[in-house]
Amino acid sequence: GNVYPVTDILGGDKTADVLVLKVGGKGFAPLAVAARPLPVASWVGVLSHPGDHFYLFTQGHVSRYSTNETDDGRRERWMGVTAEFATGSSGGPVLD
């Protein structure tokens, strides 16, 4: 039920759909970032806000890894999951 203001945008990558921001407040415990990709079939949960449905939690598994070539010729590696997500889910964590 607490709301904290975003006080600064520190950086981001639109292609990777990643943003690092600063939030006003104290005592937060950050989520750890995985040291390596999860194996296919590993359990995952997604906590997001699709379509203004706040704090929707879905569960699934890592279904595959794929690659994509960007317009500038770079190769991206994507993880597919069976946990449901939709427009508005960007920025929500995929938890293991």
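How many helices and how many strands are there in the chain? The count comes to zero helices and six strands, in what is a predicted model. Followed along the sequence, the pattern simply reads β-β-β-β-β-β. The C-alpha trace spans about 40 × 30 × 30 Å along its principal axes.

A few overall figures help set the scene. The chain has 96 residues, and buried ones make up 15% of them. About 7,700 Å² of the chain is exposed, with carbon and sulfur atoms supplying 56% of that area. Taking the contacts between residues at least 6 apart in sequence, 33% join residues at least 24 apart. On the charge side, there are 8 positive and 10 negative side chains. The centres of these two sets lie 7 Å apart.

The beginning of the chain is a good place to look at the surface. Tyr4, Val6, Ile9, Leu19, Leu21, Val23 and Phe28 together make a nonpolar surface patch of about 620 Å². Two elements give two or more residues to this patch, namely strand 1 (6-13) and strand 2 (18-23). Which strand gives the most to the nonpolar patch? That turns out to be strand 2, with three residues. From the patch, Ile9 has its place in strand 1, and Val6 is found in strand 1 too.

Val6 also shows how this part of the chain comes together. Setting aside residues up to four places away in sequence, Val6 touches Leu21, Lys22 and Val23. Of these partners, Leu21 and Val23 are listed with Val6 among the patch residues. Val6 can be placed relative to Gly25 as well: the two are 19 residues apart in sequence, and their C-alpha atoms are 9.6 Å apart in space.

Moving along the chain, two loop residues stand out for their backbone angles. Ala41 sits in the loop between strand 2 and strand 3 (43-48). Its phi is near 85°, which is a positive value in a residue other than glycine. Ala41 counts as exposed because its relative accessibility is 55%, and the cut-off for that label is over 50%. Asp52 lies in the loop between strand 3 and strand 4 (56-69). Asp52 is not a glycine either, yet it has a positive phi of about 65°. With a relative accessibility of 63%, Asp52 counts as exposed.

Charged pairs come next. Side chains of opposite charge can pair when their charged atoms come close. How many salt bridges does the structure hold? There are two. One joins the side chains of Arg75 and Glu69, with an N to O distance of 3.6 Å. In this pair, Arg75 is exposed, since its relative accessibility is 54%, while Glu69 counts as partly exposed at 49%. The label for Glu69 follows because partly exposed covers values between the buried limit of 20% and the exposed limit of 50%. The other bridge is between Asp72 and Arg74, whose closest N and O atoms are 3.2 Å apart. Here Asp72 is exposed at 55% relative accessibility, and Arg74 is partly exposed, with a relative accessible area of 44%.

The last stop is the loop between strand 5 (75-81) and strand 6 (94-95), where Thr87 lies. Ser89 has its place in that loop between strand 5 and strand 6 as well. Is Ser89 buried or exposed? Ser89 counts as buried, because its relative accessibility is 10% and the buried label applies under 20%. Thr87, on the other hand, is exposed, with a relative accessible area of 74%.

Both loop residues have partners from elsewhere along the chain. Leaving out neighbours up to four places away in sequence, Thr87 touches Pro50 and Gly51. The C-alpha atoms of Thr87 and His49 are separated by 8.4 Å, with their positions 38 residues apart along the chain. With neighbours within four places left aside, Ser89 is in contact with Ser48, His49 and Pro50. Pro50 thus appears among the contacts of Thr87 and also among those of Ser89. As for Ser89 and Ala29, they are 60 residues apart along the chain, and their C-alpha atoms are separated by 21 Å.

Notes. Residues numbered from 1 in each chain as written. Predicted model: local features only at pLDDT ≥ 70, side-chain atom pairs only at ≥ 80, totals over all residues. Heavy atoms only, no water. Patch = residues over 30% accessible without salt bridge, like charges linked within 9 Å, V, L, I, M, F, W, Y side chains within 5 Å. Areas by Shrake-Rupley, 256 points an atom, 1.4 Å probe, with all protein chains shown as cover. Salt bridge = Lys/Arg side-chain N within 4 Å of Asp/Glu carboxyl O. Helix = DSSP H or I, 4+ residues; strand = E, 2+ residues; numbered from the N terminus. Buried < 20%, exposed > 50% of the residue type's maximum accessible area, 1.4 Å probe, protein only. Contact = heavy atoms within 4.5 Å. Lys, Arg positive; Asp, Glu negative; His and termini not counted. Charge placed at Lys NZ, Arg CZ, Asp CG, Glu CD.
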